[in-house]
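Q: I've got a protein model open and I'm not sure how to read it. Can we go through it together?

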Amino acid sequence: GFLFYSQLRQCSLYVKHKVKVTEKDLYKSWLNLFLWSVLLVTGGTVMIVLPFVLFQCYGYLTFCESTVNAALDIPPPLLQLARDKGYRVPDKDSDLPSWCHHRYPIIYSYIQDTYWNVGFLRYYQLCQLPNFLLAFPVVVLGVWAAWQFVHADPWYCVQLGLTCRKLKEETEKDSHLLYGFHGHRVFVYIVHATALLAFGICFMHIQVVTRFLASSSPILYWFAAHLLLEVEPGHLAKDPATSPYVYKFGIFPRNQLTALLWAWRGCSLTARCVLGYFLLYWFLGLVLHCNFLPWT
């Protein structure tokens, strides 16, 4: 997606800003740009998809064309564990798994469907309400980030970010559209994060959305920083080296974040919610996950 969009945007900008050249030179330049874009997108796609395809081939050869005798080749403790858990092991004498007969035998989809019960809206059950609450802050941040970006310049988003922003003299009063979170380079990340969020909400175990989005997109961190800069410009504009808050405890680094934490009582509700959520998630995750307790 990123590869395709980057080349599409480059072609779009080339069309809008092409220089006056002869028809022959124009044809050559178009051909070179097209061939380079196709080569880059194709090569990048192959490199990305190839490991997934190889793993599916490995799974197919292991379970669908197995030459393993489970009773002789698999250690008894491991074989017993598989029986207790209901797992399938490679065995040439057993019936083939159902996914081996699919037109596209993808073992990953079979595992998600059979063992994890992953599917469209399958997780929407009343007993899963605590997990929905666990994912609620990240869902709110993701939706809020997308809405704020689109609301700032809807026409730019309708054009898929393939056009240039307004001229400088036309955007002096809206300079935030050119820089920071609303910059044109953020558009593709917004689309990526929104697509991941929608997929996670509809198909995945909802509590996984937090780490899924946090490890796949920088939007959460960019938008959280944008919110803090927006609601606490006074605290964050201070030089951390001269801030009175960073000297209370010498073990903490001197930066705007620690200065903001020491000024907690004077912060806005938005700033306290953002900082409180990330600190609480970090602390609870560190304690629970290291002790093998349920945590996303």
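A: Sure! Let's begin with a term: helices are DSSP runs of H or I with at least four residues, numbered from the N terminus. Keep in mind that this is a predicted model.

Q: Okay, so what pattern does the chain follow along the sequence?
A: Reading along, you get α-α-α-α-α-α-α-α-α-α-α-α-α. That's 13 helices and 0 strands.

Q: How much of the chain is buried?
A: Buried means under 20% relative accessible area. Here, buried residues make up 30% of the 296 residues. As for the accessible surface, it comes to about 19,900 Å², and 68% of that belongs to carbon and sulfur atoms.

Q: Which residues form the nonpolar patch on the surface?
A: Look for Ile48, Val49, Phe52, Val53, Tyr87, Tyr108, Tyr115 and Trp116, which together have about 790 Å² of accessible area. Helix H2 (residues 23-63) gives the most to this patch, with 4 residues.

Q: Where does Trp116 lie, and why is it called partly exposed?
A: You'll find Trp116 in the loop between helix H5 (107-114) and helix H6 (129-152). Partly exposed is the range between under 20% and over 50%. Trp116 is partly exposed because its relative accessible area is 41%.

Q: How do the axes of H6 and helix H9 cross?
A: The axes of H6 and H9 (residues 209-216) come within 8 Å and cross at roughly 30°. Angles under 35 degrees count as roughly parallel, so H6 is roughly parallel to H9.

Q: Which residues meet there?
A: From H6, Leu134, Ala135 and Val138 meet Val209, Thr210 and Leu213 in H9.

Conventions. Residues are numbered from 1 along each chain as its sequence is written. This is a predicted model: local features need pLDDT of at least 70, side-chain atom pairs count only at pLDDT 80 or more; totals for chains, interfaces and linings use all residues. Side-chain values use heavy atoms; hydrogens and water are left out. Helices (H or I, at least four residues) and strands (E, at least two) are DSSP runs, numbered from the N terminus. Buried means under 20% relative accessible area, exposed over 50%, partly exposed in between (1.4 Å probe, protein chains only). Accessible areas come from the Shrake-Rupley method with a 1.4 Å probe; for residues, only the protein chains shown count as cover. Patches are made of residues with over 30% relative accessible area and no salt bridge: like charges are joined within 9 Å, nonpolar side chains (Val, Leu, Ile, Met, Phe, Trp, Tyr) within 5 Å. A salt bridge is a side-chain nitrogen of Lys or Arg within 4 Å of a carboxyl oxygen of Asp or Glu. Axes are lines fitted to C-alpha atoms, for helices over the stretch in contact, and angles run from 0 to 180 degrees between N-to-C directions. Angles under 35 degrees count as roughly parallel, over 145 as roughly antiparallel, 65 to 115 as roughly perpendicular and the rest as oblique. Contact means heavy atoms within 4.5 Å.
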